[in-house]
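I opened this notebook page to record what I looked up, starting with the overall build of one chain and then turning to backbone angles.

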Amino acid sequence: MLRMLMAMTAAMSFMAAPAAMAQDGPLRIEITDGVIEPLPYALPTFVAETGDASQMAQDIASVVRSDLNGTGLFREIPASAHIQRFSSFGTSVNYSDWTAINAQALIVGAVSVSGGQAVVKFRLYDVFSGQEMGEGQQLVANPQSWRRLAHKVADTIYSRITGEGGYFDSRVAFVNETGPKDARQKRIAIMDYDGANVNYLTDSSTIVLAPRFSPDGNRVLYTTFETGFPRIKMLNVSNVTSQLLPETPGTMTFAPRFSPDGQSILYSMEQGGNTDLYKMGINGGNPQRLTNSPAIETGPSFSPDGSKIVFESDRSGTQQLYIMGANGGEPTRISFGEGRYSTPVWSPRGDMIAFTKQHAGRFHIGVMRTDGSEERLLTASFLDEGPTWSPNGRVIMFTRETPGAQGGASLWSVDISGRNLKQVNTPGAASDVSWSPLLP
Amino acid sequence: MNIAVKAALLLSVLGLAACNNPDRFGGSDAGLAVNDPGGVFGGGTGLGAGGVDQTGINNPDSPAYFQQTIGDKVHFLVDQSTLSPEARQILGQQAQWLVSHPTYTAIIEGHADEQGTREYNLALGARRANAAEEFLISQGVASNRLRTVSYGKERPIAVCSSSECYNQNRRAVTVIAQGAGA
């Protein structure tokens, strides 16, 4: 009786929510500016099917919840409000128990560990239509990779409900920072997108900047001062070996980025005080010059089909964004608003460009269409810079720095709608983030 | 002087510099050492700010004199790499000193304040270093004794976030090192 009353109370309070999520058709979140009310879902702790799997079952359920809640698109209904309990994966769903607490989606899962393998099974239910949504899935991995199992489950659920690709089973490369502003020590690091599993790939013996993932996530390009001068290094993530890219003596090279096929590298080369854009194969070979102007050209980024390059140049007097063909040629300016535009990055969906904007003493992260239209600023602060796209093109991470002698850098993420701005978990100060593709 | 002797001398100089000044930017031991097998640029840790023998300020032949009496820094306006009259005067004196002390080389470091994006500031620092280098060359310093590097906004000398600090950080610094030009 008591449980029933609690459920009723919970149901009433949930029913008071705006009608935006009232359901006529199949369960679906359309990710648009109009989504304000997160979708309520229930995720009972996964069933442990072997004796030693109970901790992992709890942990996996917890990471799935954290992934979904972190999007701002989902709202978890706490376990204390649940009526039905699942003692086995095969327990049939009593839909009225879930409609009573206004759960629109229900996720049921089970975990077993045997023979050195962890197995997770899950089903997603559309509560109001009383049907399973998609088919149940089973994923197998090494027990050490249980977080990836959780992210894969969450990616599948996110995908089924939003119709978009997921982004949870991904990593970010970034620069770990320690020490005071005038003697900052930097290390290239890599971690899961949610801050777990941090690995340091370089020591802090020299300044390192701006790591950039390869399209397959296996390599990272970054800029290092290890020779005393900025040069580009390519690092193999799995065995942590690295090599300097060939250089022209007496130059500085920086701002590297892979082509979508992973076979070539765009970068800036400075010679005699002038910085232009170049392209070279990942195995070296003759660099191809792409721009030839006395202005600073840097921050190049390929379109996902590899046919175009967006970059920044101060050829007009201030930093602005330009697009040119993959082999250079006459660029077209796309940024025309007030202020300075820099660090353009093409969305993996191809439809937008994220950038840093400076205007009236403030920094912003923004997005615009590839023709420069529909510019939208997503953030504002003392110093925001360096956007990177989630694998599905819905979320942007960037660096935020605070002013003054005690100022420090941290990583933040924001939806391309401008909502859900939040700090990313990192061990200590961090900057220069690059988001990997979705892992295989 | 044969090459072996010269190399040995150079090594001893480098050893000394390394003792005085493991890393002029306060990093760890590996520091910002320049990979310079020919020894032309004196190993890059050089005799810069932290490594200068402070007792040499009054000795016009010492790098300390260069650094502190002549002045090793020139400053720039926001987003600019144009040399001010004051900067030209300082660089003119730097050039005279370098011309009359041919056993030294110099690395000119370009720096930017924090009000800019990382990679643009690297390029901007390079522009500033190059402006200073070209002026020194125009005043008679052999180009093979000079090299430039940019630190962008990575190594401010003043850490507040006000225009006073930003003015100090937008700079080109001529760092003297031992070693004849190539």
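**Chain B, then two backbone angles**

I began with the secondary structure of chain B in this predicted model, and found five helices and four strands there. Reading chain B from the N terminus on, I noted the order of its elements as α-α-β-α-β-α-β-α-β.

Next I looked up burial, and of the 182 residues of chain B, 55% count as buried. For the surface of chain B I wrote down an exposed area of about 7600 Å², of which carbon and sulfur atoms supply 56%. I then turned to the contacts in chain B with a separation of 6 or more, and residues 24 or more positions apart account for 73% of them.

My second topic was phi. I kept in mind that most residues other than glycine have a negative phi. Which sign does phi have at B:D79? I found a positive phi of about 65° at B:D79, although this residue is not a glycine. B:D79 lies in the loop of chain B that runs between β1 (73–75) and α3 (85–100). Since the cut-off for buried is under 20% relative accessible area, B:D79 counts as buried because its value is 18%.

I made the corresponding entry for A:N420, which is not a glycine and has a positive phi of about 65°. In chain A, the loop between β29 (409–415) and β30 (422–423) holds A:N420. Is A:N420 buried or partly exposed? I entered A:N420 as partly exposed, because its relative accessibility is 26%.

Notes:
Residues numbered from 1 in each chain as written. Chains lettered and ligands numbered in written order. Predicted model: local features only at pLDDT ≥ 70, side-chain atom pairs only at ≥ 80, totals over all residues. Heavy atoms only, no water. Helix = DSSP H or I, 4+ residues; strand = E, 2+ residues; numbered from the N terminus. Buried < 20%, exposed > 50% of the residue type's maximum accessible area, 1.4 Å probe, protein only. Contact = heavy atoms within 4.5 Å. Areas by Shrake-Rupley, 256 points an atom, 1.4 Å probe, with all protein chains shown as cover.
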